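Here's a quick briefing to read alongside the model. Keep the viewer open and follow along topic by topic.

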Amino acid sequence: MAAPLHLHTTGDHTSQPGADRRFDPDTITAPAAERRAPVREEPLPTTGAHPPLFAVLGAHGGAGTSTLARWWAPAADTGRAWPASPATTQRVLVAARLCMPGLTAAAERLREWHVGLAPDGVTVIGLVLSAARPGKVPAAVRRYRDVVAELVETVYEIGWHDELVVRELGELAQHLPFDPPPRRRRHARLSEAVPDDVHTAGTQIITHLVATRTTAAAQPDSEHTS
């Protein structure tokens, strides 16, 4: 039987937003070597006016990383690989489908990070779960979702959007930091505005990152404190 989970932080031992909050590795079972994610050594691409603020990592194939990184303008798609280069962001949002295989893969990525198998500098800032199909989520999936959620500070959920099947990636509207909520129009197209759930999650992610930087800036320099 696994030991109870114990949370610890690296660096500053606080509960401030954005702290590198990982469980004691002795309480986490690492995924098998053949199930671990690859590592991306080169910097993440800069496709907009500014370098990316966070990376979207797919826990499995078909996790929707390219769509999510397109919707959230400050994001970069790192595919299924951990971003190892400190030249661009190493703040990672793990992405998975809201289904049993997707949740299992997400748990593997999160356990991999908790036990220290992700590259130095990587911080997981949350888990985003995209609907695997339209309609109600089965009860078994919801229960397992709650178990996996214990491995991460924040979970964001994105619903099913039928229009994605007929849209090219470059046609999708984008969410910029602190954009106002999209105007509610009955037949609004994804080329005109991001969905409400995408906007809400994007705003929450950016707010979290701002709080992280503000907290870090406010910390006293340990070399000058007793």
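Which residue in E8 is the bridge partner of Leu93? That would be Gly126, and the pairing around it is a handy way into this fold. Bear in mind that the model is predicted. The chain has 226 residues, and 41% of them are buried.

**Overall layout**

- There are four helices and nine strands in the chain.
- Going along the sequence, you get the pattern β-β-β-β-α-β-β-β-α-β-α-β-α.
- Take the contacts between residues at least 6 apart in sequence: 71% of them join residues at least 24 apart.
- The accessible surface adds up to about 12,200 Å², with 53% of that belonging to carbon and sulfur atoms.

**Strands E7, E8 and E9**

- E7 (91-98) and E8 (123-131) pair in the parallel sense, with eight bridges between them.
- To get from E7 to E8 the chain passes through H2, and this β-α-β crossover is right-handed.
- E8 is mostly covered, with nine of its nine residues buried.
- On to E9 (155-158): four bridges join this strand to E8, and the two run parallel.
- If you want a spot to click on there, Leu129 stands opposite Glu157 in E9.
- E8, H3 and E9 also form a β-α-β unit, and this unit is right-handed.

**Strand E4 and its partners**

- E4 covers residues 54-58, and five of its five residues are buried.
- Side chains in a regular strand alternate between the two faces of the sheet.
- In E4, Phe54, Val56 and Gly58 point one way while Ala55 and Leu57 point the other way, and all are buried.
- E4 runs parallel to E5 (residues 75-77), joined by three bridges.
- Within that pairing, Phe54 sits opposite Ala75 of E5.
- Helix H1 (residues 65-71) goes with E4 and E5 to make a right-handed β-α-β unit.
- E4 also pairs with E7, again in the parallel sense, over four bridges.
- Look for Gly58 there: its bridge partner in E7 is Ala95.

**Nonpolar cores**

- The largest nonpolar core holds 25 residues, and the members touching the most others are Trp82, Val94, Leu110, Val124, Leu127 and Val148.
- Strand E7, helix H2 (100-114), strand E8 and helix H3 (139-149) are the elements giving two or more residues to this core.
- H2 supplies the largest share, six residues.
- A second, separate core has 23 residues, including Phe54, Leu68, Ala173 and Ile205.
- What does Val124 contact, setting aside its neighbours within four places in sequence? The list is Trp82, Val92, Val94, Leu110, Trp113 and Val152.

**The aromatic pair**

- Searching the whole structure turns up one aromatic pair.
- Its rings belong to Phe54 and Trp72, with centres 6.2 Å apart and planes at 55 degrees, so the pair counts as tilted.
- Why tilted rather than stacked or edge-to-face? Planes under 30 degrees apart would be stacked and planes over 60 edge-to-face, so 55 degrees falls in the remaining class.
- Phe54 is in strand E4, whereas Trp72 is in the loop between H1 and E5, so the pair ties together parts 18 residues apart in sequence.
- Are these two residues buried or exposed? Phe54 has a relative accessible area of 1%, so it is buried; Trp72 is also buried, at 1% relative accessibility.
- The cut-off behind that call is under 20% relative accessible area.

**A backbone oddity to check**

- Phe178 has a phi near 65 degrees, which is a positive value in a residue other than glycine.
- You'll find Phe178 in the loop between strand E9 and helix H4 (196-218).
- Buried or exposed, then, for Phe178? Phe178 is exposed, because its relative accessible area is 53% and the cut-off for exposed is over 50%.

Note on methods: Residues are numbered from 1 along each chain as its sequence is written. This is a predicted model: local features need pLDDT of at least 70, side-chain atom pairs count only at pLDDT 80 or more; totals for chains, interfaces and linings use all residues. Side-chain values use heavy atoms; hydrogens and water are left out. Buried means under 20% relative accessible area, exposed over 50%, partly exposed in between (1.4 Å probe, protein chains only). A nonpolar core is a set of buried Ala, Val, Leu, Ile, Met, Phe, Trp, Tyr and Cys residues joined through side-chain atoms within 4.5 Å. Contact means heavy atoms within 4.5 Å. Accessible areas come from the Shrake-Rupley method with a 1.4 Å probe; for residues, only the protein chains shown count as cover. Two strands pair if DSSP finds at least two bridges between them. A crossover is right-handed if, with the strands pointing away from the viewer, the path from the first strand over the helix to the second runs clockwise. Rings of Phe, Tyr and Trp (its six-membered ring) pair if their centres lie within 6.5 Å; planes under 30 degrees apart count as stacked, over 60 as edge-to-face and the rest as tilted.
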